[in-house]
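Trainee: I would be grateful for a close look at a single part of this model. Please take one strand and follow its surroundings outward in one connected account.

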Amino acid sequence: MGTVPSALKHCLSYQHLLKEQLWIGEQASQPPAAPHPGQESQASGLPAYVKIVEVGPRDGLQNEKMADHKEVMRGIERHPGVQYPVLTPNLQGFHAAIAAGATEVSVFGAASETFSKMNINCSIEESIEKFEDVAKSARNMNIPVRGYVSCALGCPYEGNIIPTKVAEVSKRLYSMGCYEISLGDTIGVGTPGSMKRMLEAVMKEIPLCALAVHCHDTYGQALANILTAIQMGVAVVDSSVAGLGGCPYAKGATGNVATEDVIYMLNGLGINTGVNLYTVMEAGNFICTALNKKTNSKVAQASFNTGTVN
Amino acid sequence: MAAARRLLPRWMVPLRPVSSASASGALPKRVKVVEVGPRDGLQNEKSLVPTPVKISLINMLGETGLPVIEATSFVSPKWVPQMADHTEVMQGITQLPGVSYPVLTPNLKGFQAAVAAGAKEVSIFGAASELFTKKNINCSIDESLERFSEVMAAARAANVPVRGYVSCVLGCPYEGKISAAKVAEVSKKMYSMGCYEISLGDTIGVGTPGSMKEMLTAVMKEVPVGALAVHCHDTYGQALANILVALQMGVSVVDASVAGLGGCPYAQGASGNVATEDLVYMLHGLGIHTGVDLQKLMDAGTFICNALNRRTNSKVSQASCRL
């Protein structure tokens, strides 16, 4: 706007602004105890704490380059208090996951029959039956199960998806024992309007504290959609470091929302996440260098010096 | 650069929500989208764009239904070489009835040249930061407003409406944090001088919905919400969320730049303006009327990106590529 001087990346005040006002690098290294579910920030009516579910290593890398899951599970260093869920589409996958050391699993339903058919070659009902087998075994072994509902705001095949269908599938997953239902805008077509209508329908069937949103940024709507969800009381948000994972339905388009950008927004809203934004940015820088690709996180793009990953 | 036309997936056309009413009772039913690509966008692009290309872009944007298109800037070519052809651009474009084509005028000389070239609306720039004003135009905020009073007087005499911009409303690259009270103070001064609308600019894109809400709450005590606009930069990916909060507070004028033209001069390689396509996509999804044809807007974006030999910053456009 107006006439502008040259780049000022080294401006001290700018760095101070980022650190002091925006908490980049200033978060406590230990996550504080999570407040009670549904606890609200006094002034704003927003949740005081939001749990971030990092899906980059699975959802992100699945759409970039998939590492060998067994070796990954065995090789990672587990921190106490941190969950490392893995996807298990059926009983066989579940047993393999447990054998490799998984202590939490996820199952994927969809709110669209066509998507379910094209993706896993069975109807929604048939997929639910398979998940019930997984849920039953998981229950016996005291393994928590997280449920995902794809196409919650639109389907690449069917187009518009009605909110009551999302509510119906969510209810089935919740009833079979999933402790949390992550509602996925799989192709990123949702807007705050459709997010609100969908959540209103789902919240009639599932308690708020068991809901999460998994927004794709394919149409740039993710943060606005996440904000809408948070304003409605949702306190769990999925995201992917560096915005890893393009959209398989729109070539060249982005997919997952970047964790860095979500944390930045939540920090600015005074919402606690327990996450150190700078450390996430370093992890994002690491994986982008390894994949030889540019980060999809705008916060990372704006914050790193020139000549970063690409 | 792909020559393929970017199309919205067929099942998404026309884009309309399930209900025709606004999704939330609190949101405006109509939003005026102010297109700043030809000025703010091109001014911050590295490549210089030939005059005929600028004229074509502005004419294409005129066909989209956009009500306001900021055409150019009557500042000295010494400072902003990208806008050196301001007179030719103003004289070359087709000014459609019902569409405004405001231009930037930093001083009386610029104002007079603008009007002579056919401008019917002008804009002036203030800032909520003393240091930013000092670094930018080498004077204090009050002195800058004093300079503009000449423009205001001339505009009033010529019956030319003036739009006021306030920069750095959510943060300054020099001062850091900016107090909401300061933004309110500067906005009030510009409004009192006679600006019909005040566009509040998050110049470095650092704002979040929290700081946007705090700032607007302060400004709305001094300036009626009907006279307010937001100009959000997407440098930290926060623009649409910030715009959503502004809409929820009653703001119904939003600035944006086709294809997200115009990087951020303060963070090399980072993005700047929010993309008009992405904004319109959100507004239509909320059931808010803009009068804008998204497909034609995307076509204009494709055109200018081809001319600049660069990729679009609009995610809607990227997702709609027909490849």
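**Strand β6 of chain A and its surroundings**

Mentor: In strand β6 (residues 211-215) of chain A, 5 of the 5 residues are buried, so the strand is largely enclosed by the rest of the structure. The model is a predicted one, and the predictor assigns the complex an ipTM of 0.91 and a pTM of 0.90.

The two faces of the strand may be taken in turn. Leu211(A), Val213(A) and Cys215(A) point one way from β6(A), while Ala212(A) and His214(A) point the other way, and all of them are buried. This follows a general pattern: in a regular strand the side chains alternate between the two faces of the sheet.

Next come the partners of the strand. β5(A) and β6(A) pair in the parallel sense, over 5 bridges. Within this pairing, Asp185(A) stands opposite Cys215(A) in β6(A). To pass from β5(A) to β6(A), the chain crosses through helix α8 (residues 192-202) of chain A, and this β-α-β crossover is right-handed.

β6(A) also pairs with strand β7 (residues 236-239) of chain A, again in the parallel sense, over 2 bridges. Here His214(A) stands opposite Asp238(A) in β7(A). The path from β6(A) to β7(A) leads through helix α9 (residues 222-231) of chain A, and this β-α-β crossover is likewise right-handed.

Returning to β5(A), one reaches another strand on the way outward. 4 bridges join β4(A) to strand β5 (residues 180-185) of chain A, and the two run parallel. One pair of bridge partners consists of Gly147(A) and, in β5(A), Ile181(A). The connection is made by helix α7 (residues 163-175) of chain A: together with β4(A) and β5(A), this helix makes a right-handed β-α-β unit.

Strand β4 (residues 145-150) of chain A has 6 of its 6 residues buried, so this strand too is largely enclosed by the rest of the structure. Val145(A), Gly147(A) and Val149(A) point one way from β4(A), whereas Arg146(A), Tyr148(A) and Ser150(A) point the other way; all are buried. Strand β3 (residues 105-110) of chain A is joined to β4(A) by 6 bridges, and these strands run parallel. In that pairing, Ser106(A) has Arg146(A) in β4(A) as its bridge partner.

A loop residue of chain A offers a contrast to these strands. Ser123(A) lies in the loop between α5 (113-120) and α6 (124-140) of chain A. Its relative accessibility is 22%, so Ser123(A) counts as partly exposed, given that the buried class requires under 20%. Leaving aside residues up to four places away in sequence, Ser123(A) touches Glu113(A) and Ser116(A). The C-alpha atoms of Ser123(A) and Cys247(A) are separated by 23 Å, the two residues being 124 apart along the chain.

The nonpolar packing involves both chains. The largest nonpolar core has 187 residues, and those that touch the most other members are Leu183(A), Ile226(A), Leu200(B), Ile243(B) and Leu247(B). Helix α9 (residues 239-248) of chain B supplies the largest share of this core, 8 residues. A second, separate core has 8 residues, including Val34(B), Val36(B), Ala229(B) and Val253(B). As a general matter, in soluble globular proteins nonpolar side chains tend to be buried together. Beyond four places in sequence, Leu200(B) touches a set of residues that includes Val166(B), Val183(B), Met215(B), Leu228(B) and His231(B).

Chain B may be described more briefly. Chain B contains 12 helices and 9 strands, and of its 323 residues 62% count as buried. A compact globule of 323 residues would have a radius of gyration near 20 Å; chain B has 18 Å, which agrees. Among the contacts in chain B with a separation of 6 or more, 77% are between residues 24 or more positions apart.

Finally, the confidence values for chain B deserve attention. Its average pLDDT is 91, and 91% of the residues score at least 70. Over residues 13-25 of chain B, however, pLDDT stays under 50; the model has 23 contacts beyond four places in sequence for this segment. Where pLDDT is low, the predicted coordinates should not be read in detail.

Technical notes. Residues are numbered from 1 along each chain as its sequence is written. Chains are lettered from A and ligands numbered from 1 in the order in which they are written. This is a predicted model: local features need pLDDT of at least 70, side-chain atom pairs count only at pLDDT 80 or more; totals for chains, interfaces and linings use all residues. Side-chain values use heavy atoms; hydrogens and water are left out. Buried means under 20% relative accessible area, exposed over 50%, partly exposed in between (1.4 Å probe, protein chains only). Two strands pair if DSSP finds at least two bridges between them. A crossover is right-handed if, with the strands pointing away from the viewer, the path from the first strand over the helix to the second runs clockwise. pLDDT is the predictor's confidence in each residue, from 0 to 100. Contact means heavy atoms within 4.5 Å. A nonpolar core is a set of buried Ala, Val, Leu, Ile, Met, Phe, Trp, Tyr and Cys residues joined through side-chain atoms within 4.5 Å. The radius of gyration is taken over C-alpha atoms; the globule rule is 2.2 Å times the number of residues to the power 0.38.
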